[in-house]
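Colleague: Could you walk me through the empty spaces in this one? I'd like to hear the criteria behind each label.

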Amino acid sequence: METGLAPSLQKMPDAKHQVRCHWASNPLAISYHDKEWGTPVHDDRTLFEFLALEGAQAGLSWDIILQKRDNYRKAFNNFDPKRVAKYDSKKQKTLLKNSGIIRNKLKIKSAIRNANAFLAVQKEFGSFDAYIWQFVNGKPKMNSWRSGQRVPASTPESDAMSKDLKKRGFNFVGSTICYAFMQAIGMVNDHAVECFRYKKLR
């Protein structure tokens with residue numbers, strides 16, 4: 001989801017006629033909204049995947065990333081941070097020729113750099129999960145946005161996360177990207193209260 005958008009609602013013509021957040025407006029986005037967005041994630045590989053994809057999304061729409069997600073998984077060894085951390089210049093050139101992903105040299109280099117920083121965090125804290133969830137004291141923050149209200153692009157928590165990640169050598173981790181990451185992995189519940197997923201996650 002793109003942060004800053006009002007969480008207005010819509011009914012989709014599916015079997016259950018569920019009321020959803022408005023941004024879930026195509027089959028891929030609907031599936032992502034219904035099954036993933038806002039669901040707490042504690043698996044390190046999945047956390048690295050979302051961190052890498054949020055960085056790749058910078059300046060683009062999340063829909064583009066969803067369309068390329070399977071290609072990203074194939075290109076980046078299913079986001080295994082140990083393998084990504086070892087990518088050399090030859091691998092980077094191969095990725096730059098891969099039309100199935102965002103062919104941006106800085107973003108590709110960032111994924112590799114972040115994989116190395118990710119491994120360092122794992123070594124220090126035992127898991128990236130243990131590190132990242134401390135920014136919300138280990139528990140999802142339950143917001144209560146109504147349809148038509150605007151979701152913030154950043155928060156004090158995402159500011160703190162961004163500052164600490166940068167200190168640890170990560171990049172493409174500005175506060176806005178960090179907040180989108182927090183939304184994606186369920187550190188915050190930013191579904192509109194009228195959305196059927198809000199109560200399920202609460």
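Colleague: How many cavities of 30 Å³ or more does a search of the whole structure find?

Modeller: One. This is a predicted model, where local features need pLDDT of at least 70, side-chain atom pairs count only at pLDDT 80 or more, and totals for chains, interfaces and linings use all residues. Residues are numbered from 1 along each chain as its sequence is written, and side-chain values use heavy atoms, with hydrogens and water left out.

Colleague: What makes a space a cavity and not a pocket?

Modeller: On a 1 Å grid over the protein atoms alone, a cavity is a set of points where a 1.4 Å probe fits but cannot get out, whereas a pocket is an open set with protein on both sides within 12 Å along at least five of seven lines. The largest cavity holds about 110 Å³, a volume being the space filled by probe spheres set on the points, which are joined across faces, edges and corners.

Colleague: Which residues are closest to the centre of the largest cavity?

Modeller: Ala52, Gly55, Ala56, Lys107 and Ala111, out of 16 that line the cavity; lining means having an atom within 4 Å of a point. Helices H2 (44-57) and H6 (105-125) each give two or more residues to this lining.

Colleague: And how much space lies in the largest pocket?

Modeller: About 160 Å³. Among its lining residues are Leu28, Tyr32, Asp70 and Arg73. H3 supplies the largest share of that lining, five residues; a helix here is a DSSP run (H or I, at least four residues), numbered from the N terminus.
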